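Hi,

Here is the structure I promised to pass on. Have a look at it first, then read my notes underneath.

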Amino acid sequence: MSVTASRHGGQILVDQLELLGVRRVFSVPGESFLAALDGLHDAEIENIVCRQEGGAAMMAEAYGKMTGQPGVAFVTRGPGATNASAGVHVAMQDSTPMVLFVGQIRAEDRDREAFQEVDYRAMFGSIAKWVTEVDHTDRLPEYIARAFNVATSGRPGPVVLALPEDMLSAQADVADGRGPIVELAPRLNGVARDTLNWLSHFERALVVVGGPHWTAEAAQDLSAFAERQGLPVALGFRRQDYLDNRHPCYAGDLNVGVNPKLAQRMRDADALLVIGSRLGDIETQGYSLVDPKDPHCAIAHVHADPNEHGRVYHPDIAITANAVAFTRALADLPACGTDWSDWTRAARADYDDWKTPHETPGDVKLEQVIAWLSDNLPAESILTNGAGNYAAFLHRYFVYKQHGTQLAPTSGSMGYGIPAAISASLHHPDRTVVCLAGDGCFQMTCNELSTAAQHGATPIVVVVNNGRYGTIRMHQEKHYPGRVSGTMLANPDFAALARAYGGHGETVTKTEDFAAAFARAQDSGTLAVIELQVSEDALSTTLTLSGLASS
């Protein structure tokens with residue numbers, strides 16, 4: 001370790017981030033961490049200045065998804081931290097590595113309810129892997145190194161470090177810590193062989209893949225394993241880019257609006273090989289497809305965190321392993337000899353039928369817009385979205401062709417799409433980045449278009465405008481028919497809003513006009529918003545308002 005001259009805490013912190021390989025952070029400035037901002041002044045770390053802390057945290061979370069390294073955000077105390085909690089929650093439920101630095105009151109004022117004082121251990125305790133407060137300047141390298149290790153080890157997740165402003169401004173003569181920890185994957189050949197041998201005794205086996213840690217190489221390994229064994233593969237919620245969707249063994253994804261035939265296939269399976277996924281609420285449709293109290297099938301569960309085994313489901317086989325390493329071992333195995341070909345062909349046929357567009361009412365048909373994007377975007381294009389019924393069209397009709405092309409919150413957080421698209425555009429300036437957003441979802445974080453303009457991000461945002469919180473209206477019609485309450489929206493001119501931010505804006509009122517509008521958005525070379533004025537009658541990929549009202 002190298003010993004440096006006396007530095008203030010903000011400089012020590014930034015020097016440690018550089019040592020750990022951080023090249024970009026996301027922030028909303030605050031007086032509580034002025035010393036850290038001073039440390040960033042001469043650093044080779046790009047500071048993306050955001051408009052609201054929720055957007056900053058979501059951009060950092062998206063960075064963690066893309067790189068596998070902790071996304072880093074800086075926010076100020078009190079209101080700044082509470083705003084940022086939305087992104088921390090996404091990182092926790094999505095198992096994304098992230099480190100959030102929160103400015104804090106002076107240590108000497110603690111417990112006086114000083115200006116914007118918050119107990120961050122209490123506030124973030126249930127939505128972060130680890131939360132602590134750094135009281136001693138000379139321990140910053142220790143705490144930061146531990147934060148990065150906790151964020152990336154086992155099941156990844158968010159870490160929150162509170163930084164008292166007097167600790168950051170104080171001087172200390174302390175050695176820098178070490179660089180990133182290098183983890184070597186264990187040899188799993190024998191475990192993978194035994195697992196496949198166990199699986200070979202079942203007639204209706206289904207592979208379910210999700211969770212964190214995935215890579216392009218892992219996608220290739222999964223492809224090779226599935227093809228060699230002839231096994232159907234279902235992907236977890238918003239993990240659709242873990243396997244080329246054109247693969248003959250791809251059976252679809254276990255999302256909120258799951259293909260009913262895939263749901264039934266999961267009920268009919270006599271064995272599940274679950275790799276990486278927690279097999280959570282969404283994948284099991286509220287734990288109804290597989291009953292935790294009495295599973296109808298045998299389960300082999302591969303997860304990096306041993307605490308996941310038996311937490312909800314009691315697996316027949318529990319394997320503590322990184323999903324990428326385990327899939328690599330599976331890819332090396334010869335065919336086991338069990339013939340699952342009919343079962344797998346039927347699963348694929350169900351998926352092909354499901355992605356055939358189902359016509360919705362109105363002059364702009366979202367199913368055709370998504371099909372056009374799927375057919376015409378380059379394979380490496382990145383698609384982002386937040387939450388809402390509009391996203392079901394993307395999940396159902398877009399065919400993901402390679403890893404690293406989907407950024408979406410498994411936590412179902414609205415407003416995620418725009419920050420994620422900005423982060424993706426900054427990280428991959430050579431790729432087309434498209435955000436799909438509902439009118440409600442868009443307006444939760446549309447102020448970050450100013451961040452995009454300032455830092456040169458060029459996402460294309462497709463806003464689906466039906467003048468309402470569509471998902472909630474759908475549930476309202478199901479449970480309280482004819483009693484509309486709190487779900488209507490009065491919207492601005494979204495195209496004009498884009499132009500106000502210095503971007504390109506267009507409004508599309510007919511499906512056939514979308515392709516040309518998208519081409520103009522691409523040619524603009526700046527951020528762009530394309531507003532789709534869709535029918536108020538279209539609630540989802542299969543449901544209409546008029547249909548629900550008459551039922």
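Below is what I found, starting with the ground rules and then going through two sheets, a helix and two single residues.

This is a predicted model, so to speak of local features I needed pLDDT of at least 70, and side-chain atom pairs count only at pLDDT 80 or more, while totals for chains, interfaces and linings use all residues. Residues are numbered from 1 along each chain as its sequence is written, and side-chain values use heavy atoms, with hydrogens and water left out.

A word on labels: helices (H or I, at least four residues) and strands (E, at least two) are DSSP runs, numbered from the N terminus. Two strands pair if DSSP finds at least two bridges between them.

**One sheet and its helices**

Start with the open sheet of six strands that runs S11-S10-S9-S12-S13-S14, with parallel pairing. S11 (250-253) and S14 (317-320) are at its edges with a single partner strand each, so one side of each has no neighbour in the sheet. From one strand to the next, the twist averages 15 degrees (axes are lines fitted to C-alpha atoms, for helices over the stretch in contact, and angles run from 0 to 180 degrees between N-to-C directions). S10 (residues 233-235) is joined to S11 by three bridges, in the parallel sense; Ala234 has Gly252 in S11 as its bridge partner.

Helix H10 (residues 260-268) packs on this sheet, where it touches S9 (205-209), S10, S11 and S12 (271-275) (contact means heavy atoms within 4.5 Å). The direction of H10 makes about 110 degrees with that of S11. Helix H12 (residues 341-354) also packs on the sheet, touching S9 and S11, and its direction makes about 45 degrees with that of S11.

**A closer look at H12**

Which residues of H12 are buried? They are Trp343, Thr344, Ala347, Arg348, Asp350, Tyr351 and Trp354 (buried means under 20% relative accessible area, exposed over 50%, partly exposed in between, with a 1.4 Å probe and protein chains only). Seen down the axis of H12, these fall within an arc of 155 degrees, so they line one face of the helix (the arc is that of the directions from the helix axis to the C-beta atoms). That face packs against S9, S11, H10 and helix H14 (389-397). On the other side of H12, Asp342 and Arg345 are exposed.

**Two residues to click on**

Glu133 is in strand S6 (residues 130-133), and at 8% relative accessibility it counts as buried. Its side chain makes a polar contact with that of Gln104 at 3.1 Å (a pair of N or O atoms within 3.5 Å; within protein, one must be able to donate a hydrogen and the other to accept it, and residues adjacent in sequence count only if both atoms are side-chain atoms).

Ala379 sits in the loop between helix H13 (366-376) and strand S15 (382-385). At 31% relative accessibility, Ala379 counts as partly exposed. Leaving aside neighbours within four places in sequence, Ala379 is in contact with Lys401, Gln402 and Thr405.

**The other sheet**

S15 turns up again in an open sheet of six strands, ordered S16-S15-S17-S18-S20-S19 with parallel pairing. Its edge strands, S16 (406-407) and S19 (504-508), each pair on one side only. S19 and S20 (residues 528-533) pair in the parallel sense over five bridges, and Gly505 has Val529 in S20 as its bridge partner.

Cheers
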